[in-house]
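Let's take a walk through this structure together. Have a look at the sequence and the 3D view, and then we will go through some of the contacts inside.

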Amino acid sequence: MSTTTAGRPGKVVASDRAKAENRLGLKLVAPAVVVMLVVTAYPMIQALYLSLYRYRLTTPDDKEFVGLSNYLTILSDSLFWQDTVNTVIIMIVTVAIELVIGFAFAMVMHRIVFARGAIRTSILIPYGIITVVSAFAWQFTFSINNGWVNSWFAWLPWIGPDTNWFGEHWPAMFAIMVSEIWKTTPFMALLLLAGLSQVSEDMIEAAKVDGATWWQRLWKVILPNMRAAIMVAVLFRALDAFRIFDNIFVMTRGAQDTESSSFLTYRQVIEQFQLGLGSALSVLLFLTVLLLAWLIVKLFRVDLAQARGEG
C-alpha cells in the first residue's frame, strides 16, 4: 500500500490511491465479516440468553428467568474450580512441552538435506489422525491389561505390571497429557517451521562470522526473529488445549477428577439437559478464552504489522 508523508513531520498521510484501496478492501471483506458475525455471534447471544434462565430440556414448561443465579451457582461450586484447574494444568504443561519438542522438530525439518519429504511426512502423521482414534490408541497403550507401557518401563521404580494408570488422578492426567502432546506437537512444529523459514540466513551467517556460538545464534538471532510465529503457535495451541474434550471423554470419561471445563459443559447440557447452567458454563468458557488470547498477545508484545514488513 502506497503512502506519502506530508504536513507535520513524522505524520504519515495516505495517498488517494491508498485510500481507494482501503475502501475497496472494506467493501470486499464486508460480506465475509457480516457472515462471520452472524455465525459466531448468534450462538453466543443465544447462550447468553439461555444462561439467564433456569431451563431444563425435560421440563420446558418450567422455564424461569433467574438472572445471574446460574453464574453464582457455577462460581460457588468447587467442581467448576477443580475442572478449571485441570484444564489450566493440561494447557500449560502440554503447550510448554509441545513448544520445545515442536521447535526441535521444526529445526530438523528446516535443516535436513536428505529424505526431507519422508521425514516431514513422518513427523506430521500424528496430526493427521483423528483425535478420538489417537485417544483410543493411547488408552490401550496405558491399559493395565494389554498396554505396553507397564512392560516397557517396568525398570522405573514407580512403574510395575500392576500399575493402573487410570485408577488415580495424576497418573490419569499424565496419560491424557501424553496423548494430547503426541497428537498436536506436529501442528506446533508446522507453525514454527513457517516462522523458522522467515529468519534471514544472512543474519545467521553474519553472527557466525562474528564468532557467535550455536546457542548465541539461537537466543540472539533465531528466536527473536521468530517471536511472531511463536506467539501464533502458542496462541493457537493454548486455545485448542483449553477446550480439550475428546481425549478425556475416551480415556477416562471424567473419572478420577479428570474433567475439563468443556467436559463439565457437556455433562450439564447433553447428559443432564440443564440448558441454563450449560449455557452459563459456555459463556464463562468463551470469556476465559478471550481473556487467555488477550494475555498471550500482551505477553509476547508482537507488532504484527511490523512482522509483516508494513512498519
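Searching the whole of this predicted model turns up 18 aromatic pairs. One of them is formed by F249 and F263, whose ring centres are 6.2 Å apart. Their planes meet at 45°, and planes from 30 to 60 degrees apart count as tilted, so this pair is a tilted one. To find the two rings, look for F249 in helix α11, which covers residues 246–251, and for F263 in helix α12, which covers residues 261–271. The two residues are 14 residues apart, and their pair links distant parts of the chain.

From rings we can move on to helices. Two packed helices are described by the angle between their axes and by the distance between those axes. Start with helix α3, residues 78–111, and its partner α4: their axes come within 9 Å and cross at roughly 160°. An angle over 145 degrees counts as roughly antiparallel, and that is why α3 is roughly antiparallel to α4. The crossing of these two helices is left-handed. On the α3 side, the contact is made by F105, V108, M109 and H110, while α4 brings R116, I119, R120 and I123. Sorted by class, the residues joining α3 to α4 are five nonpolar, one polar and two charged.

Helix α4, residues 116–128, also packs against helix α7, residues 169–196. How far apart are the axes of α4 and α7, and at what angle do they pack? The axes lie 6 Å apart, and the angle is about 130°. An angle between 115 and 145 degrees counts as oblique, so α4 and α7 are oblique to each other. Their crossing is left-handed. From α4, the contact takes in R120, I123, L124, P126 and Y127; from α7 come W182, K183, T184, P186, F187, L190 and L193. These residues of the contact of α4 with α7 divide into nine nonpolar, one polar and two charged. R120 and I123 may look familiar, since they are also listed in the contact of α3 with α4.

Finally, a database record adds another view of the chain. In an unreviewed entry, UniProt places the feature "transmembrane region" at residues 28–53, 88–109, 121–140, 172–197 and 273–297. Take residues 88–109 in the model: the span is 100% helix and 0% strand, and its end C-alpha atoms lie 30 Å apart. For residues 121–140, the end C-alpha atoms lie 25 Å apart, and the span is 90% helix and 0% strand.

Terms used:
Residues are numbered from 1 along each chain as its sequence is written. This is a predicted model: local features need pLDDT of at least 70, side-chain atom pairs count only at pLDDT 80 or more; totals for chains, interfaces and linings use all residues. Side-chain values use heavy atoms; hydrogens and water are left out. Axes are lines fitted to C-alpha atoms, for helices over the stretch in contact, and angles run from 0 to 180 degrees between N-to-C directions. Helices (H or I, at least four residues) and strands (E, at least two) are DSSP runs, numbered from the N terminus. Angles under 35 degrees count as roughly parallel, over 145 as roughly antiparallel, 65 to 115 as roughly perpendicular and the rest as oblique. A crossing is left-handed if the near helix is turned anticlockwise from the far one by less than a right angle, and right-handed if clockwise. Contact means heavy atoms within 4.5 Å. Ala, Val, Leu, Ile, Met, Phe, Trp, Tyr, Cys and Pro count as nonpolar, Asp, Glu, Lys and Arg as charged, and the others, Gly among them, as polar. UniProt positions are given in the numbering used here, feature names are shortened, and annotations may be inferred rather than shown by experiment. Rings of Phe, Tyr and Trp (its six-membered ring) pair if their centres lie within 6.5 Å; planes under 30 degrees apart count as stacked, over 60 as edge-to-face and the rest as tilted.
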